[in-house]
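Notebook open, structure loaded. I'm jotting down what I look up as I go, starting in the middle of things.

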Amino acid sequence: MHIKQPIAAALLFASGTVAREAPASVKAFYSSVKNGGDCTGDDLLQGGFYDTDEGPTEYGYCKKNLSKGFYLKGPGNELVNMDIDCDGEQTHGDGRCGSSKDTQGQTAFKDEVSKYGISDLNAYVHPYVVLGNEGDYSPTFDPREHGIEPLSIVAVVCNNKLIYGIWGDTNGDDGQPLVGEASLATATACFGTEMNGDNGHDEKDVLYIAFPGPEAVPGNVAKWDAESYEEFEESITELGDNLILGLGKGFVTNSTAHVRRYRH
């Protein structure tokens, strides 16, 4: 896929968030995944996860129709939901994380992001996605074993929008082995300011796509010290646009010839 529109023209600002409509090719890939049935066999990297604490364990990490990377998939035509993660640095924000009953003082990649001049990710600013399940429970899953690097781009297709997030946190063993969680900034960009630390998006219709390799990490190109979601999102959009090349054909290209090499 080639996105012809300039980045500035493709970004629409509404309700204080970047609301970019997903391109037709991304919508086509979304539809093929959502309506592709169960993920099974070699396509299923790891299953057996919950989408909600009391729900079935039929959700997992899937690579069907991807040459590299993976996405989250549920049974039948289900994807996953979007629970809210408010972990990390919270020195500024509008207070909506205050209702969270499960906030940790740091994210899993605090040390990695500190190399870029900030103390930690901020759930109000950084559109991070929670991937991976680690700890003393079963099943577990480590995205790094499949080439996904910390702070790499994760495409989020939600509410007919395309959001570029980053892999910024993991699921610990303080509850069920869950999938389908993202920062408040991600949820707000997708679904608006009614999202808060205790109110996420319950419908199982969100697609998260993780991209592998060092070329998926924005490094110094990202404005990690951004004061707003809009500012950070704009800084990683060009890399995200390059990484989704090929999704309209139902796969992520094996070649990285069209992906700009970003300095880390």
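**Entry 1: around Trp224**

I started by pulling the neighbours of Trp224, skipping residues up to four places away in sequence. The list that came back is Val113, Tyr116, Ile118, Leu121, His126, Leu151, Ile166, Pro218, Gly219 and Phe232. This is a predicted model, so I'm reading all of it as prediction.

Next I asked which residues have the most contacts inside the largest nonpolar core. Trp224 is on that list, along with Met82, Leu131, Val156, Leu207, Tyr208 and Ile209. The core itself has 71 residues. As background to myself: in soluble globular proteins, nonpolar side chains tend to be buried together.

**Entry 2: how far to trust it**

I checked confidence before going on. The mean pLDDT of the chain is 87, and 84% of the residues score at least 70. Two stretches stay under 50: one is residues 1–17, the other residues 253–264. For residues 1–17 the model has 30 contacts beyond four places in sequence, and for residues 253–264 it also has 30. I'm leaving those contacts alone, because predicted coordinates should not be read in detail where pLDDT is low.

**Entry 3: strand 7 and its partners**

Ile166 from the Trp224 list turned up again, as the bridge partner of Tyr128 in strand 9. That took me to strand 7, residues 128–133. How many of its residues are buried? Six of six, so I've put strand 7 down as mostly covered.

I then looked at what strand 7 pairs with. It runs parallel to strand 9 (residues 161–171), with four bridges joining the two. With strand 10 the pairing is antiparallel, through two bridges. On that side, Val129 stands opposite Ala182.

**Entry 4: Glu181**

While in strand 10 (residues 181–183), I stopped at Glu181. Buried or exposed? Its relative accessibility is 17%, and the cut-off for buried is under 20%, so Glu181 counts as buried. Leaving out neighbours within four places in sequence, I find Glu181 in contact with Asp83, Ile84, Asp85, Val129, Val130, Asn171 and Tyr208. Two of those were already in my notes: Tyr208 from the core list and Val129 from the bridge to Ala182.

**Entry 5: helix 4**

I went on to helix 4 and asked how many of its residues are buried. The answer is eight of eight, so this helix is mostly covered. The buried set is Leu184, Ala185, Thr186, Ala187, Thr188, Ala189, Cys190 and Phe191. Just after the helix, Gly192 takes a positive phi of about 95°.

**Entry 6: the disulfides**

Cys190 made me run a disulfide search over the whole structure, and it finds three.

Cys190 is bonded to Cys158, with an S to S distance of 1.9 Å. Cys158 sits in strand 8 (residues 153–158) and Cys190 in helix 4 (residues 184–191), so this pair ties together parts 32 residues apart in sequence. The torsion about the S-S bond is -70°, and the link of Cys158 and Cys190 is left-handed. Cys158 is buried at 1% relative accessibility, and Cys190 is buried at 0%.

Cys86 and Cys97 form another, their sulfur atoms 2.0 Å apart. Both cysteines lie in the loop between strand 6 (80–85) and helix 3 (110–114), 11 residues apart. The torsion here is about -85°, so I've logged the disulfide of Cys86 and Cys97 as left-handed. Cys86 is buried at 1%, as is Cys97 at 3%.

Cys39 and Cys62 are joined too, S to S 2.1 Å. Cys39 is in the loop between helix 2 (24–34) and strand 3 (44–49), while Cys62 is in strand 4 (residues 59–62), 23 residues apart. What is the handedness of the link of Cys39 and Cys62? It is right-handed, with 90° about the S-S bond. Cys39 has 12% relative accessibility and counts as buried; Cys62 is buried at 1%.

Last thing I noted was the connectivity. Counting bonded cysteines along the chain, the pattern is 1-2, 3-4, 5-6.

Notes:
Residues are numbered from 1 along each chain as its sequence is written. This is a predicted model: local features need pLDDT of at least 70, side-chain atom pairs count only at pLDDT 80 or more; totals for chains, interfaces and linings use all residues. Side-chain values use heavy atoms; hydrogens and water are left out. A disulfide is a pair of cysteine sulfur atoms within 2.5 Å. Buried means under 20% relative accessible area, exposed over 50%, partly exposed in between (1.4 Å probe, protein chains only). pLDDT is the predictor's confidence in each residue, from 0 to 100. Contact means heavy atoms within 4.5 Å. A nonpolar core is a set of buried Ala, Val, Leu, Ile, Met, Phe, Trp, Tyr and Cys residues joined through side-chain atoms within 4.5 Å. Two strands pair if DSSP finds at least two bridges between them.
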